[in-house]
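Grab a viewer and work through these exercises one at a time. Each comes with a worked solution, so try it yourself before reading on.

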Amino acid sequence: IDELNRNAANALLKILEEPPKQVLILLVCHALGKILPTIRSRCCLINFTGLDPQVIVTLFENPPQSLALELANNSIGRIFDLQKIHLTPFLNQIIQVIEEVLQNKQLLLQQFGASFDKGDSKAQVVLELLSWLARQLVFYSCESSNYQNNSEIEQLSQRRPVSHWLMVQEKLDLLLYQAETAHLDIATLHIAAFLCFESPQLIQD
């Protein structure tokens, strides 16, 4: 329910205020802070924790990629989807695009954006990887990454100081949050997200 717009949330609130008799309503959310206080006050909060990654691994015939485990946030269904993508070479391709962007070259970015068909599920994975990569660049710059050693990420982290990568992380998160309500075209969002790695200050609060 954290994805409901204001009108839908108000409609749900009316149901909660006068619920039908002998009905149990279960509401699921992933971001409690996005829920209207008037809805939260009428609910009993039950926290569920995700499965331990070591348990998740045992559910697969072939062990999932470590990157898939991180991106999926303990969602088994999401891991199945990500397993269909060769994430490591895909990530390296994204890093190459960023390397070009940092040199004020955009040809590779345009070619990369044009490689997705309409509705391609990999287009959304690009945004997830960019968000994940922004955090990793901060960690690598501080020499505190828990992710397996990746020479491409390490080299990229050295292109700019840690203060730059901190701003990239902050502004990229802001851009992706704004995009949820702005309904931006995915290609436009890709370009803005990649350019954020070079000029994060252009993203307006």
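**Exercise 1.** Find out which residues Ile95 touches, leaving out those up to four places away in sequence.

*Solution.* Keep in mind that you're working with a predicted model.
- Start with the location: Ile95 sits in helix 6.
- Next, list the partners. Ile95 touches Leu133, Glu152, Ile153 and Leu156.
- Pick one of them, Glu152, and check the backbone: its C-alpha lies 7.3 Å from that of Ile95, with the two positions 57 residues apart along the chain.
- Finally, look at the cover. Ile95 has a relative accessible area of 3%, so it counts as buried.

**Exercise 2.** Work out whether His190 is buried or exposed, and name its contacts beyond four places in sequence.

*Solution.*
- His190 belongs to helix 11, which runs over residues 186-196.
- The relative accessible area of His190 is 3%. Buried means under 20%, so His190 is buried.
- As for contacts, His190 meets Phe116, Ala123, Val126 and Leu127 once the neighbours within four places are set aside.

**Exercise 3.** Say what is notable about the phi of Gln22 and of Asn104, and where each residue sits.

*Solution.*
- First, the background: most residues other than glycine have a negative phi.
- Gln22 isn't a glycine, yet its phi is positive, at about 55 degrees. Asn104 isn't one either, and its phi is about 60 degrees, again positive.
- Now place them. Gln22 is in the loop between helix 1 (6-17) and helix 2 (37-40), and Asn104 is in the loop between helix 6 (87-102) and helix 7 (107-113).
- Then check exposure, where the cut-off is over 50%. Gln22 comes out exposed at 86% relative accessible area, and Asn104 is exposed too, at 63%.

**Exercise 4.** How many salt bridges are there, and which parts of the chain do Glu17 and Arg42 link?

*Solution.*
- The count comes to five salt bridges.
- One of them joins Glu17 to Arg42, with the closest N and O atoms 3.6 Å apart. This pair links distant parts of the chain: Glu17 is in helix 1, Arg42 is in the loop between helix 2 and helix 3, and they are 25 residues apart.
- Both ends are partly exposed, Glu17 with a relative accessible area of 44% and Arg42 with 42%.
- Another bridge is formed by Arg159 and Glu99, at 2.9 Å from N to O. Here too the pair links distant parts of the chain, from the loop between helix 9 (151-157) and helix 10 (162-182), where Arg159 lies, to Glu99 in helix 6, 60 residues apart.
- The ends of that bridge fall on either side of the 20% cut-off: Arg159 is partly exposed at 39%, while Glu99 is buried at 15%.
- Lys84 and Asp81 also form a salt bridge, the closest N and O atoms being 3.9 Å apart. Lys84 is exposed at 67%, and Asp81 is partly exposed at 36%.

**Exercise 5.** Name the residues that form a nonpolar surface patch with Ile25.

*Solution.*
- Begin with Ile25, in the loop between helix 1 and helix 2. Its relative accessible area is 33%. Patch members need over 30%, so Ile25 clears that bar.
- Its patch partners are Ile15 and Val23, and together the three have about 230 Å² of accessible area.

**Exercise 6.** Which element has the lowest mean pLDDT, and which the highest?

*Solution.*
- For the protein chain, the mean pLDDT is 87, with 97% of residues at 70 or more.
- Going element by element, helix 3 (residues 53-58) is lowest at 82, and helix 6 is highest at 95.

How values were computed: Residues numbered from 1 in each chain as written. Predicted model: local features only at pLDDT ≥ 70, side-chain atom pairs only at ≥ 80, totals over all residues. Heavy atoms only, no water. Helix = DSSP H or I, 4+ residues; strand = E, 2+ residues; numbered from the N terminus. Buried < 20%, exposed > 50% of the residue type's maximum accessible area, 1.4 Å probe, protein only. Contact = heavy atoms within 4.5 Å. Patch = residues over 30% accessible without salt bridge, like charges linked within 9 Å, V, L, I, M, F, W, Y side chains within 5 Å. Areas by Shrake-Rupley, 256 points an atom, 1.4 Å probe, with all protein chains shown as cover. Salt bridge = Lys/Arg side-chain N within 4 Å of Asp/Glu carboxyl O. pLDDT = per-residue confidence, 0-100.
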